[in-house]
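Here's a quick tour of one model, with a strand and a nonpolar core as the two stops. Have the viewer open as you read.

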Amino acid sequence: MAMEWITAMDKRPCDRNLRDVELISCRLRRVEPLCRLPSSALQQLAMCGFYEDLEKGVTLFRAGEQGRFWYAVLGGSLEVRYHATDTDGKSPVTLCNLGVGATFGESILHDLPRDSTVVTKTTCELLRVEQQDFRLIWEKNKELMNDIINSCKLKNGFGPSVSATNTSPTKRPLSPDHPNPALPITESPSPAMNRMGWALRTLLVADNSSCLKDRKVSGKLIRKCAPGTEFVDWLVNLSPIVHTRAQAAGMWQALLEEGILSHVNKEQPFKDKCFLYRFRVDEDGTAGTPSTEDINAANEQIRESLSALFQRGPDATLRMILRKPSHERTTEELELVFEELLHIAALSHLSTSIKRELSSIIVFESHAQAGTILFSQGDEGRSWYIILKGSVDVVIHGKGTVATLKSGDDFGKLALINDAPRAATIVLKENNCHLLRVDKEHFNRILRDVEANTLRLQEHGKDVLVLERVAKQRGQHSAFKYTVMSGTPAKMLEHLLETRLGNQVGGVDPFLDDFLLTHIVFMPVVQLVDELANYFHCDVSDGAQTPEEREYIMNFKKRVIQFMQKWVMAVRHAAFDEPSVCDFIEDLAAEVEADPELHEETSIIHNILTQMSRYQDDRNQNTGQKWKLPPNGQPICLFSGNMTPSKTVIRPDDDIIFRVYCADHTYCTLRFPLHTTAEIIKACAADKLQLNRGPEDLCLVEIKSNGERSVFKDNDVSIPTGLSLNGRLFVSTKDHLDALTPLPEQEGATEAPEVDVEIFSTKELAYYITIFDWDLFWAVHEYELLYHTFGRHHFGKPGYRVVSLYKLIKGMLQFNRKRTFYKVFILS
């Protein structure tokens, strides 16, 4: 199986089939820099690349020669040599060594001669691509290929030098450092492992024929060390429970990862090879020769120690494999990792092929100390994590610990999917936490498009935010892979501020508009303003702030200001009708003016202040307006009858004059502010019409021309403006509702100007009806549509509850669909 890709590579490119291309692509994907390329680019390399297996000392090209090929190192190492013109025949200077993953020969892109000589230092495996093919791959993947080549140059000392005086911040690498499998995973060994190591060393030192000896390596004396092969031989011969050399190697690796055993140069994990290893106590020089009592004690506990070590060996071997770079994992090791991934719950929803891809890139990392911060809220999302052992706390700024994640849980996915900053800080709760990690570049390549359709965020064991994948629609582009389906009001606002606002966010975002237009259903204005104020003033604390914390706080302040701008644009004057909003805007303006770090937001807040001032001036100019509801079905108009060309807004505190009828069609005329409740109107009308009944026995009813009755609730407001066309307002006792009948004028034609309709064509009629309908539609504010759809009695009730935005928007769409159907019916 391991040689299949070489067989495929040995074929001429024109003779390779899809199976060959897939085999070669899988091999290239295990090479660290090349795995960053998309599958299409790897398949192109697999289609046109040639395999070269070269012996030591082969010169690939010399300085000054015209280049024809580009190379990637799949195995072995090479030397880059430079022949200076003034060396007088002396040997060339070795500039650097190229190892697995290095690329070279990109000068063929510009038809430049080679500037150095490249010679194989060991037996090498290379991928060779001809100039014409490489140019095509480069053009399609220019940015990624350029990053790979530049990173190779920097690694080997050929990158641009960095001036010591350059203080500009450098961008953090996309992926964290790869763990070193030669180093221990704990700060100090556990007592049990210490006893096991002590027993094994005691018996090794006591054995006169033991492999543990002083050895001289490169002129340096290393005390009490032995090759890995001899360690394995000794352990296999010591106990019958150790059946294979692989089992013995795993047992020694278990000691190495605890820090009891180590490679003499700290460069290798335990291998059944001729690498030298020694015990830590011999490295420190703190161990002496064991006494007879020590040897007897070691013999007594060796059986128990070997049994426990035998159980730890497979897990230690797996952790060692997961800490190795992708290109160093063998086929057998990849199969071992794959079998382990099959039992991880966080990966259960993924296909077998995806798990096989993960087996080559997933990484093990360990953290020894509780309290270690894995990443902070506001950081760039760089990895996805799965907890193997231990637990972590999820901490949100201003809320504290909102959840504790344990073995089997995963975290960090949301920031990678949405390309958003971290939404919380992750703090290790226990010592010696073990995690699996998938870095961002691999996540984007393998997992981003196959993740679950629904994501759930929890705090204190309850769902606080539910996200659902956005379905791709032809002709539409969204920068967000997931949209909010439901959540608690505070969490939805927090998610919106962190992921939907900021300079890095662009594109169409329906969730932002939905929240701004519907928040009054689940989050009253006062509560919303309080939450925004808390976010804006989150820097009010006693402790000193780090530069990262200060940057995070300033970004949140800017997003609050952007939110206010978009809120005012969405709901217009309705925002300025709330005193709490006006006060908050003035507070924001004062703080923005006083803070030089917010000078870019000055123009935004000034624009909001200007709109608010104009609205307040207009409202003051038109204060105290009086309206009337004509008795014969005509539209509501100003009482003075002085209609100006501009449209005049009806305000809640404006007075309106209207009639209220009783069962015998007698009426009284009332004058009330528009925001007067139905309960007050019916009580006053009953008093004037001398209906001697208590308020609890009375109803305020609309009677339509077809005899239909609509009873108003006691807390309904804007009663006169809410009547249907040609409707009349009645007050009656509850037991006499059936006796109410329409007025005679309701059953006749409504008074209108004398116009001969027959002089208009059907198109002209449709045009004017449509214009009138659109005027009515734009006269209805979005909040009024919500009140009409869901009922005003559902509003103004803040609380901790999950709100379904999906159901909310669906209800609005159904209501709006009826209006659209009505317009289409009229036009047809």
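How many residues of strand β28 (residues 698–703) are buried? Six of its six are, so to speak in the "mostly covered" class, with buried meaning under 20% relative accessible area, exposed over 50% and partly exposed in between (1.4 Å probe, protein chains only). This is a predicted model, where local features need pLDDT of at least 70, side-chain atom pairs count only at pLDDT 80 or more, and totals for chains, interfaces and linings use all residues. Residues are numbered from 1 along each chain as its sequence is written, and side-chain values use heavy atoms, leaving out hydrogens and water.

On β28, L698, L700 and E702 sit on one side and C699, V701 and I703 on the other, and both faces are covered. Strands here are DSSP E runs of at least two residues, helices H or I runs of at least four, numbered from the N terminus. Strands pair if DSSP finds at least two bridges between them.

| Partner of β28 | Bridges and sense | Opposite E702 |
|---|---|---|
| β30 (residues 728–733) | six, antiparallel | L729 |
| β29 (residues 709–711) | three, antiparallel | S710 |

With β29, β28 makes a hairpin with five residues between the strands, and G707 in the turn has a positive phi of about 90°.

Now the core: the largest nonpolar one has 80 residues, with L358, F515, L532, F563, M564 and W567 having the most contacts inside it. Such a core is a set of buried Ala, Val, Leu, Ile, Met, Phe, Trp, Tyr and Cys residues joined through side-chain atoms within 4.5 Å. Helix α18 (residues 547–571) gives the largest share, eleven residues.
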